[in-house]
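Student: Got a minute to go over a ligand site and some cavities with me?
Tutor: Sure, pull it up and ask away.

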Amino acid sequence: MRARRGQKAILAARKAFDEGPWRKTTAQDRGKFLFKIGDLIRANAKALAELEVRNMGKPLAEAEYDVADAANCFEFYGGLATKLHGETMSVPANSLSFVVREPVGVCGQIIPWNYPLLMAAWKLAPALAAGCTVVLKPSELTPLTALELAKLILEAGLPAGVVNIVTGPGKDAGEELAESPLVDKIAFTGGTVTGRKIAIAATGNLKKTTLELGGKNPNIVFADADFESAVDGALFAAFANQGEVCSAGSRLLVEKSIHKKFVAAMLAKIPKIKLGHGLTPGVKMGPLVSAAHREKVEAYIAIGKKEAKLVCGGGRPKGLEAGNFVEPTIFDDATPSMRIAREEIFGPVMTVIPFKDENEAVRIANDSDYGLAAGVWTLNVNRGIRVLKELRAGITWLNTYHPTFNEMPWGGYKQSGNGRELGLYGIQAYLETKQININLDEAPLGWY
Ligand code: NAD
C-alpha cells in the first residue's frame with residue numbers, strides 16, 4: 001500500500017519535471033514562489049512553532065528559531081534562483097563554447113526527526129530554486145510540520161506534482177525513493193548506518209547522492225578562553241535540542257589546568273536547564289523523541305557508568321514520568337578510546353576529556369570516524385585560527401557554538417557525509433552542468 005503511494009508521488013514528480021511547466025518556469029518566477037513560501041511560513045510562525053514542539057518535543061524558543069530559519073532558507077534560495085549562471089570558455093578552436101546549468105531532475109529527499117521543519121526547508125528550497133521536482137519523506141516519528149509546510153506550498157500555488165510528500169517508515173517509503181530508477185538524485189540527512197544503505201540502494205541507476213550524517217563533535221576549551229562564555233557555550237553545545245543534534249558538541253575537551261574548575265562551573269549551571277513540556281514557559285529541555293530512542297541513550301549511559309565518572313544526571317527526572325525525559329548527563333575523566341567518546345549518542349550526554357596541550361587537543365579532536373563540526377574556545381587569536389585549520393571537520397566555530405547560517409555550506413568530512421547543503425554550495429548538488437559548443441566555421445570538419 002505504502003509502496004504504491006510512494007510510486008504515485010514519484011510518477012507525479014517525474015511527470016511534473018518531464019512534461020510540466022516547472023523546468024521551464026523562469027528563474028524569477030521560481031524565486032517568487034520561494035519568497036511566497038517564506039512569507040506564508042512567517043504568517044503561520046506561531047502555529048508552526050507550537051506544532052513542532054508537539055511533533056518532536058523541543059522547547060518552544062528553539063522551535064520558534066527553527067521556523068524563522070526555515071523562512072530565511074526559502075528566501076535565501078528565492079534570491080539565489082536568479083543568480084545561477086554558467087560561463088563562457090576560450091577554447092582552441094573557432095567555437096563559441098559555454099557552460100549552462102540545468103536542474104538534475106526528480107529528487108528524493110529523506111530527512112530525520114530532530115529538525116523536522118527546518119530539514120524540509122533545507123532540502124526543498126535549493127531543489128526548487130534549481131528547477132527540480134521533489135518527493136520528500138519526513139521521519140515516520142515527526143511528519144506533522146512537513147505536512148503543514150506542504151499545505152503552505154499548495155497555497156503558494158506551485159504547479160501540481162512539483163512537491164510531493166510521502167510519509168511512512170524508512171524501510172518502505174525511504175527505500176523506495178533510494179531504489180527507484182525514476183529518481184535522479186537522492187538527498188539524505190540521518191544516521192551514518194542508514195546513509196550507507198541509501199548510498200548502496202542508489203547505485204541501481206547511479207543516482208547522484210548527498211549525505212548529511214552523524215557526528216561526535218569535539219568542543220575544545222583552552223585555559224586562556226573567556227571562562228564564563230566557554231562554560232555557557234559548552235553546555236549549550238551539548239544540550240541544545242536535548243542533545244539530539246548532529247553537530248552537538250558532545251565531546252568536551254578541556255585543558256587540564258582548568259579542567260576541575262570548568263566541570264564544577266558547568267555543574268553549578270546545570271539546574272538552570274529546566275526540563276518539561278516544550279510549551280511550558282521557562283523550559284530549556286524537552287523529552288527525547290521516542291521511548292525507543294530514550295532506551296538507546298540510556299544504554300549508552302549504562303556503558304558510560306562503567307567507562308568514566310558520572311558527575312551529573314544519568315537518570316529520568318522525577319515528576320516527569322509521563323514523557324521520554326533524560327536528565328542532562330555529564331561523564332568526566334573520559335579517555336578518547338571509550339565508546340562514550342567515540343560513538344554518537346544523540347541525546348543529552350556530554351563526555352569530558354582532559355588534555356595537556358594544543359597538540360594533544362588536536363590529536364584527540366581528529367581521532368574520530370566522524371568530521372562534522374568542532375568548536376574552539378581561546379582568546380589567543382593565533383592559536384584559535386591555527387587549531388581551526390588543523391581540525392578535520394566541515395563546520396567550525398571559534399568562541400561560540402551552534403550558530404548555523406543558510407548562507408554557509410553545511411556538511412561533514414570523513415564518515416559525516418558526502419557533499420554540502422546550504423549556501424552557494426548547497427544548490428550545486430541540484431544542478432547538472434552542460435557544455436555547449438557552437439561551431440563558427442563554415443567549412444566541413446574535413447576528417448574524411
Ligand atoms: P535515521 O537514519 O534513522 O533516519 C533518517 C531518515 O531515513 C528517516 O526519514 C527514516 O525513515 C529514513 N530511513 C531509515 N532507514 C532507511 C532506509 N533503509 N532507506 C531509506 N530511508 C531510510 O536517522 P534519525 O534517527 O531520524 O536521525 C538521527 C541521525 O540523523 C543522527 O545520526 C544525526 O547525526 C543525523 N543527522 C545529521 C544531520 C546533518 O546535517 N549532518 C542533521 C540532522 C540529523
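What follows is a short chat about the ligand shell and the cavities of this predicted model.

Student: Which residues come nearest to the ligand?
Tutor: The shell to search holds 27 residues. A residue gets in if one of its heavy atoms lies within 4 Å of the ligand. Of those, the nearest are Ile111, Glu140, Thr194, Leu213 and Glu344.

Student: Which residue has a polar side-chain atom 2.8 Å from an oxygen atom of the ligand?
Tutor: Let's sort the polar contacts by atom type, with N or O pairs counting within 3.5 Å. Ile111 uses a polar backbone atom, 2.8 Å from a ligand oxygen. Leu213 also uses a backbone N or O atom, 2.7 Å from a ligand nitrogen. The side-chain contact to an oxygen at 2.8 Å belongs to Trp410.

Student: How much of the ligand's exposed area does the protein bury?
Tutor: Start from the ligand taken alone, which exposes 850 Å². Of that area, the protein buries 89%.

Student: What is the make-up of the shell around the ligand, and which domains does it draw on?
Tutor: By class, the shell has 12 nonpolar, 9 polar and 6 charged residues. Helix 7 (170-179), strand 6 (185-189) and helix 8 (192-201) each give at least two of its residues. At the domain level, at least three residues come from each of domain 1 (2-213 + 416-436) and domain 2 (218-398).

Student: What is the volume of the largest cavity?
Tutor: Searching the whole structure turns up 3 cavities of 30 Å³ or more. The largest has 16 lining residues, with Pro218, Ala365, Tyr370, Gly371 and Arg392 nearest its centre. Helix 13 (358-366), strand 13 (370-371) and strand 14 (373-377) each give two or more residues to that lining. Its volume is about 80 Å³.

Student: How many charged residues line the second largest cavity, and which is it?
Tutor: This cavity holds about 60 Å³ of space, and its lining divides into 6 nonpolar, 5 polar and 1 charged. Asp, Glu, Lys and Arg are the types that count as charged. Going through the lining, which includes Gly215, Cys246, Phe346 and Val349, the 1 charged residue is Glu344.

Methods:
Residues numbered from 1 in each chain as written. Predicted model: local features only at pLDDT ≥ 70, side-chain atom pairs only at ≥ 80, totals over all residues. Heavy atoms only, no water. Polar contact = N/O pair within 3.5 Å; in protein donor to acceptor, adjacent residues only side chain to side chain. Areas by Shrake-Rupley, 256 points an atom, 1.4 Å probe, with all protein chains shown as cover. Helix = DSSP H or I, 4+ residues; strand = E, 2+ residues; numbered from the N terminus. Domains from an automatic or database assignment. 1 Å grid on protein atoms, 1.4 Å probe; cavity = no way out; pocket = protein on both sides within 12 Å on 5 of 7 lines; lining within 4 Å. Points joined across faces, edges and corners; volume = space filled by probe spheres on them.
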